[in-house]
Amino acid sequence: MGILEKISEIEREISRTQKNKATEYHLGLLKAKLAKYRSQLLEPTGKSGSKGEGFDVMKSGDARVSLIGFPSVGKSTLLNTVTETKSETASYEFTTLTCIPGVINYNGANIQLLDLPGIIEGASQGKGRGRQVIAVARTADLVLMMLDASKGENQRISLEKELETVGIRLNKRKPNIYFKIKKGGGLSFNSTVTLTHLNEKLVQLILHEYKIFNCEVLFREDSTADDFIDVINANRIYMSCLYVYNKIDQISIEEVDRIARKPDSIVVSCNMKLNLDYLLEKIWEYLALVRVYTKKRGERPDFVDGLIMRRGSTVEHVCHAIHRTIIECFKYALVWGVSAKYSPQRVGLSHVVQHDDVVQVITK
């Protein structure tokens, strides 16, 4: 029996098993087996012939955004509208057959936008070059999931399922679980909160499925069996996702209002160029980028070429962005802007900068 058959057999077993106290250990064990087989499917062991052609796109710019969606939902039209790149568009499916990169210039940042071929169901198992598409999506900072507003919620559920299968967790944070494998001493199980979904016996069963007998586990939040399996696998990617509903010009205004109120969702029309400026604003917000300006002593700030940093960056990160040797002769910095209590404020390396701050570095 191949891996795909084993996976479908376990999925059938999970779907027909009732969820209650008596079956929680059985379900936990099935989920652990399922995660293990899916990992084997993604990273096949041994030589399996020559490697297939991938989408080798060099990462460039300040951030990378992947466009994912079913065929013919408007991904290439969006790329053509918000970037200078031209990607072939037509009314039939699978117009785009390879990865086409474009660049969005917004707030002085160069954001790389990748137009990926349409995904079909079963993409996580390699159907329709789905594995290469999803492999590129794993390297992105943000996923833009393009959906057809006139086609219901099934497309969103299917796409989320395909990405979940390959270890991409959308709009979720990493579980707060400490896990460390040891050479001996058995299982050390502790928790700082009351666990309602897990107990020591279930944790032990899941660990035995992975042939782990000596380890230290500390739960700092009320986690589920799925969260614990994700921590054991340690190959999950947690990233932000923006659900973009296209073709709103084909549905009623009441339906547009209902979709727009969903979390992490935005409604647009690429053909009629509706709401695209708000989409760019949300991309900037979800990428958590800030722009910082520099200033030389006795001169006006350079408002032409700002430095693009991640939210939470400090003066030390700004110094590294200017030149890596500045940090060696750093004395202090003067900051004007939102992060300063007064203008200018004299700060050290650990000061966190905000969007549109002006920084002047004073050296020894």
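**Group meeting: a first walk through the model**

Okay, let's start with the overall make-up: the protein chain has 10 helices and 15 strands. Keep in mind as we go that this is a predicted model. The chain runs to 364 residues, and buried residues make up 46% of them. Then there's the question of who touches whom. If you take the contacts with a separation of 6 or more, 64% of them are between residues 24 or more positions apart.

Let's look at some rings. The structure holds five aromatic pairs. One of them is Tyr-106 with Trp-284: their ring centres are 5.9 Å apart and the planes sit at 65°, so we call that one edge-to-face, the cut-off being over 60 degrees. Where do Tyr-106 and Trp-284 lie? Tyr-106 is in strand β2, residues 100-106, while Trp-284 is in helix α9, residues 276-287, so this pair ties together parts that are 178 residues apart in sequence. And is Trp-284 buried or exposed? Trp-284 has 9% relative accessibility, so it counts as buried.

Another pair is Phe-219 with Phe-228, and this one is tilted, with 5.6 Å from centre to centre and 45° between the planes. Both partners are tucked away: Phe-219 is buried at 0% relative accessibility, and Phe-228 is buried at 0% as well. If you're following along on the structure, find Phe-179 and Phe-189 too, since ring pairs link those two with Phe-219 and Phe-228 into a cluster.

Next up, a pocket. I'm going to talk about the second largest pocket, which has a volume of about 490 Å³. How many residues line it? There are 15 of them, and the ones nearest the centre are Lys-31, Leu-34, Arg-38, Glu-164 and Asp-226. The elements giving two or more residues to that lining are α1 (3-16), α2 (24-42), α5 (154-165) and α7 (225-233). Out of the elements, α2 provides the largest share, with four residues. What about the chemistry of this lining? By class, we get 10 charged residues, four nonpolar and one polar.

From one of those pocket residues we can step across to Arg-169. Leaving out neighbours within four places in sequence, Arg-169 is in contact with Glu-164, and also with Asp-230, Arg-236, Ile-237, Tyr-238 and Met-239. With Asp-230 there's something specific: the two side chains are joined by a polar contact of 2.9 Å. As for its place in the fold, Arg-169 lies in strand β5, residues 168-170. Is this arginine, Arg-169, buried or exposed? Its relative accessible area is 7%, and the limit for buried is under 20%, so Arg-169 is buried.

Last stop: Cys-270. You'll find Cys-270 in the loop between β10 (265-267) and α9, and α9 is the helix we met earlier with Trp-284. Cys-270 is a loop residue, but it's buried, with a relative accessible area of 3%. Which residues does Cys-270 contact, again skipping neighbours within four places in sequence? Those are Gly-74, Thr-77, Leu-78, Thr-81, Met-146 and Asn-246. Try one more distance on your screen: the C-alpha atoms of Cys-270 and Lys-75 are separated by 9.0 Å, although the two residues are 195 residues apart along the chain.

That's the tour. Questions are welcome.

Methods
Residues numbered from 1 in each chain as written. Predicted model: local features only at pLDDT ≥ 70, side-chain atom pairs only at ≥ 80, totals over all residues. Heavy atoms only, no water. Buried < 20%, exposed > 50% of the residue type's maximum accessible area, 1.4 Å probe, protein only. Polar contact = N/O pair within 3.5 Å; in protein donor to acceptor, adjacent residues only side chain to side chain. Contact = heavy atoms within 4.5 Å. 1 Å grid on protein atoms, 1.4 Å probe; cavity = no way out; pocket = protein on both sides within 12 Å on 5 of 7 lines; lining within 4 Å. Points joined across faces, edges and corners; volume = space filled by probe spheres on them. Nonpolar A, V, L, I, M, F, W, Y, C, P; charged D, E, K, R; others polar. Phe/Tyr/Trp six-rings, centres within 6.5 Å; stacked < 30°, edge-to-face > 60°.
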